[in-house]
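User: I'm new to this one and would like to go through it in small steps. Could you show it to me first, and then I'll ask my questions?

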Amino acid sequence: MIEEIAARFPYWMCAALIAVGLFGMIQKRSLVKKLIGMNILQSAIILFFVAGGLREGATLPILLEQGAGNADAADYVNPLPHVLMLTAIVVNVAITGVALAFLVRIHREFGSLDEESLIEQVRQ
Amino acid sequence: MVIPVVTRTRSGVAFSLALGGSALSTAASAWALAEVLANGSIRYDLGGWAPPVGIQYVVDEVSAFVALVVTSVATLVIAGTRRWAEREAGARAGPFYALVMLLLAGLGGMVVTADLFNLFVFLEISSLAAYTLVFLGGRAGMLAGFRYLVLGSIGGAFYLLGVGFLYFSTGTLNMEETATILAASPSSRSVQAGAVFIFVGLGLKMALVPLHLWLPDAYTHAPSSVNSLLAPIMTKVGAYAMVRMFLSVFPDGYLKDEALVADGLLVLGLVGIVFGSVAAIRQSDIRRMLAYSSIGQLGLIAVGIGLATPLGLVAALLHVMNHAVMKGTLFLAAASVRLSTGLSSVNGLTGLGRAMPLTMACFTLGALSMVGIPPMAGFFSKWWAAQAGVESGQWVVVAVVLGSSLLTAVYVFIVLERVYLRPALPAEGHEASEETGVPVDETGDAPDASDEGVPAHVRGASESPVDVVLPLAVLALATVVLGVANSFIVTHVLEPGVR
Amino acid sequence: MTTDSLLPIAAVLIPAGGAVLVALTTERRRNLRDAWSTIAAVALLAVMLLLLSDALDGQAARTTLLEISPGIDIALRADAAGMVFGLLASALWVVSGIYAVGYMRGEREQKQTRFFAAFALSISATVGVALAENLLTFILFYELLSLFTYPLVAHRETDEAIVAGRKYLAYTLSGGLLLIGAAAWLHVLGIDATFQPGGFLDGTTLDGAAQWGLFALLAGGVGVKAAVMPLHSWLPSAMVAPTPVSALLHAVAVVKAGVFGMVRVVAFAFGPALLLDMGAWTVLAGLSAATVLIASMLALRHDNLKRRLAYSTISHLSYIVLGAALLGPIALTGALLHMVGHGVTKITLFFAAGAIHVRTHKENVSQLDGIGRQMPITMGAFALASLSMAGIPPFVLFTSKVYLGWGAAEVGQQLFLLLYVASGVLSAAYLFPIVVRAFARSSTDHARYGEADMRMVVPIALTGIFALVWGIAPDLPLGFFELAESVAGDVFPAPVAAAGDTP
């Protein structure tokens, strides 16, 4: 299946998105922007899986005719990564949800979401 | 066969349910370990689907061992921090313990799963619970919790990316099949990339230097009932996942020869030992000191894994257990001190050897074990790691591992000197109380001249109640018992597990 | 030849049990508490005497406890060499235990319960070191000894004491780490590190680097406690401890644990044949010879009595190391005898220093003018011990020095014979002036002091007398000479290869 990675474009795309996400998470002062960076990073990885499951000229992995037991697996898109990504999306949504809840609490407590001002306040 | 560790209830609405749940899972892990030792690995196909289609759970010696360590330490810590949980969670004890159970379920799942993607899911479940628990720790804990979340999700994302690379190279997510396919096919770039991404992701979770940045704040500012729980077990399971990669996923020697992961672990582990220990010396907050000490101790585990020999893995796994027990002891003792005095600074411990003899005796045992005084558990971690280093001809490893004892002794004895030798200082450390609301000075602010300058916090301090001290004492004694029993554990559990 | 017996483990557990009893008895019932440690001391001595007859018959009693690491047991064996050290420590514990009671009460020291508990635990560890059958057991007790003596060094809780405690731990723990490294190495090599007369490494095929590496680790590890220069500087600092600690632990138990370890390393780990082959004995002999001379010279310069005695200890410890390094049966006998003789002699000197301090709070040599007239028994014993230290016949250190010198000559190293003579002169030079001051000069301080408490005077007199008795009859009553000879006989089965014979 390694040949499937021949279609290079999606991977460079993913790499770029990962870089953007990491940059946001590390560089931005606003906690919201950090969270957005995190989401970009996670989406990039989901895209990576989705793209990896694709193959040229293949169709949906659904057996349309009854009894077509000899269907050639190469004719179908690999469904497993896509299924996995459903789970991964759920996980990501959960993390994002918790993170947003955190942000709400932090904002209520500190009145700000700027990292440096928060650090400043905690120090006092 | 059912794997009881993960089928435990998550609905712990109260302390007793939580304690019962974790005690039950401890018993289940112990039973699983006995079963594995007698009959070999236990396999369980989730939902009845056989691999490679379905997800399989496998309990072998190593996973049963780690599960037992995690669940038993967790049980003791939950029992020992009840008063803290009451104070910190208050009316929300139900959700609080639900989170704790979620954490344990996630960790248990990580330990038993034999599926790479499933591991990711459990990893995120436990991490999510951990982020939230840290977040509960007041204002500073909020920030620490969010930062932990951000960094932790980077770790999870990298791990998932690595799994993606592996999957597209092998077409399977089952660990054993991955190993078989990788062994049969020539090494490729994408497998190497996958290994490196997995390494980075798990390295973040196990707080490998320089990916440790989340740890000191998270451990310091988390509620006392939480940091005693997280410190012993959270990073250990990350380390276990790393061991699992070496044992079951990648073929023998692959990570050493092809992907440089082993060497990376080795070098970062060595750096971590030195960095963590030196940083610990400079801390004035006892929890922060212990947190940095954890980084150093995890370095030792990383070194053991990085040597990538059976002996090295034995050393790493033994230290997983020993460190869980020792750090559990130390954090619980610190929590006990804080319960009684409201203080968590190193200075605040001054003179407590008299006021809280049992807590401090346990602290001393744990601390000496960390230094590596035989016949305590910590000594044998070093003993096996040194052997592994000698066997691989890595003399630097031997020197650093043994030398770290001295560094550990430095920060441990800074504390012990204060506890036992220094006369109590004039009161100066009252600040730490406002964060917890513990009444520090019940006698009011008028200094009592008759008490010869004994600070109020020591005068007022008394031994913690028995439900705090008892679990603490069990853990402290375990540092001795496990040390003496190490030969049995190694020959019967770990050596069969890593072969 | 060994017989299984519970006596060796009893010997370790009795002091430990004594420590527990001491710790459980409150300060208020201090007479009971101090009785416990005396009872434990007497019981320990009784057990050691029971073990003695077996050891003399070549039937070392042995206890195997548990497998601590695959293939390695925690095991105790009361062989002749171990008995020399074990007997010495337990016999002197009886006297110094009584002395310590007098001293601690006389000085009104704080936290005496902790002191006596740690004291008993240290003895427990010392006996463990003496009777350890293999390297790992030895390390176990060696490390515990460092740990248990730490609270004694830092006992006064002053800044100076705490700093000294840190230094002490830093040195002794480092020494332990070297040993652990060596033990791990040996274990990986598959060598059974059970101490054997003639050496467990004798006959193994190791390359030169491994031999020298192991030698550096093992000798360095025990050399720290033996205070061989340049690893000695913890010992003078440790003198801030209360005097009974300096007397029993830092003149007998701890430092002798190092020296005894050196004997184990030389004669029971490497074995004379291998060390001769490697040439490693020259390193050891060179270092220890230098230590003998330099430490004696330094002792001359110190006015503080305890520090002077500390440097004297460093010097005399290296006598023993040198004796072991000479790799001859007679030198080894002399080394073991010197271990015993120096123990009883130096403890007398420290006892006297402590008694003087309790009565007068003086700790410098220059303040001791005329003290001999006020404390005649104490200073009389001090004088006896000084004579012994200088190696004047018929004192015990004369006997041992004769053996050491004779041993040096036997292996063709007359240079070291000269060294022993010269350092005897130096010993006299740093001790005799004290005696002269004490008796010949008149006191500048006219206060009347008088003798110290009986609990201190009797032990002083007793050890002073034994410094003489053992010189005349070293076998009375504990059989040290016979033990030492039997060790030498085991290590050097005739015919003997001597160091000087090799080109």
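User: Is Asp60(B) buried or exposed?

Analyst: Keep in mind that this is a predicted model. The cut-off for buried is under 20% relative accessible area. Asp60(B) has a relative accessible area of 12%, so Asp60(B) is buried.

User: Which residue forms a salt bridge with Asp60(B)?

Analyst: The closest N and O atoms of this pair are 2.9 Å apart. The partner lies in helix H10 (residues 224-249) of chain B, while Asp60(B) sits in the loop between strand S2 (56-59) and helix H2 (61-80), so the pair ties together parts 184 residues apart in sequence. That partner counts as buried, at 7% relative accessibility. The residue is Arg244(B).

User: What about Asp217(B) and Arg288(B): how many residues apart in sequence are the parts that their salt bridge ties together?

Analyst: In this salt bridge the closest N and O atoms are 3.2 Å apart. Asp217(B) lies in helix H9 (residues 214-221) of chain B and Arg288(B) in helix H13 of chain B, so the parts tied together are separated in sequence by 71 residues.

User: Which of those two, Asp217(B) or Arg288(B), is buried, and which is partly exposed?

Analyst: Asp217(B) has a relative accessible area of 18%, so Asp217(B) is buried. For Arg288(B) the relative accessibility is 22%, so the one that counts as partly exposed is Arg288(B).

User: Asp34(C) forms a salt bridge too, so to speak of chain C: which residue is its partner?

Analyst: The closest N and O atoms here are 3.0 Å apart. Both residues of the pair are buried. The partner of Asp34(C) is Arg33(C).

User: Which residues are joined into one network by salt bridges that share partners?

Analyst: The structure holds 17 salt bridges over all chains. Some of them share partners, and the network they make includes residues of chain A as well as chain B. Its members are Lys34(A), Glu115(A), Arg147(B), Asp217(B) and Arg288(B).

User: Which pair of chains has the most contacts?

Analyst: Two pairs of chains touch. Chains A and C can be ruled out, since no contact joins them and their closest C-alpha atoms lie 33 Å apart. The most contacts are between chains A and B.

User: What pattern does chain A follow along the sequence?

Analyst: Chain A has four helices and zero strands. Of its 124 residues, 34% count as buried. Read along the sequence, the pattern is α-α-α-α.

User: How much accessible area do Leu86(A), Ile89(A) and Val93(A) have together?

Analyst: These three form a nonpolar patch on the surface. Ile89(A) lies in helix H3 (residues 80-110) of chain A, and with a relative accessible area of 36%, it is partly exposed. Together the three have about 280 Å².

User: Back in chain B, which residues is Met321(B) in contact with, leaving aside its neighbours within four places in sequence?

Analyst: Met321(B) lies in helix H14 of chain B. With a relative accessible area of 4%, Met321(B) is buried. Leaving those neighbours aside, its contacts are Phe65(B), Val69(B), Leu482(B) and Ile489(B).

User: One last thing: which residues form the negative surface patch with Asp57(C)?

Analyst: Asp57(C) is found in the loop between helix H2 (30-56) and strand S2 (60-69) of chain C. At 57% relative accessibility, Asp57(C) counts as exposed. The patch is completed by Asp475(C), Glu482(C) and Glu485(C).

Technical notes: Residues numbered from 1 in each chain as written. Chains lettered and ligands numbered in written order. Predicted model: local features only at pLDDT ≥ 70, side-chain atom pairs only at ≥ 80, totals over all residues. Heavy atoms only, no water. Patch = residues over 30% accessible without salt bridge, like charges linked within 9 Å, V, L, I, M, F, W, Y side chains within 5 Å. Areas by Shrake-Rupley, 256 points an atom, 1.4 Å probe, with all protein chains shown as cover. Salt bridge = Lys/Arg side-chain N within 4 Å of Asp/Glu carboxyl O. Lys, Arg positive; Asp, Glu negative; His and termini not counted. Charge placed at Lys NZ, Arg CZ, Asp CG, Glu CD. Helix = DSSP H or I, 4+ residues; strand = E, 2+ residues; numbered from the N terminus. Buried < 20%, exposed > 50% of the residue type's maximum accessible area, 1.4 Å probe, protein only. Contact = heavy atoms within 4.5 Å.
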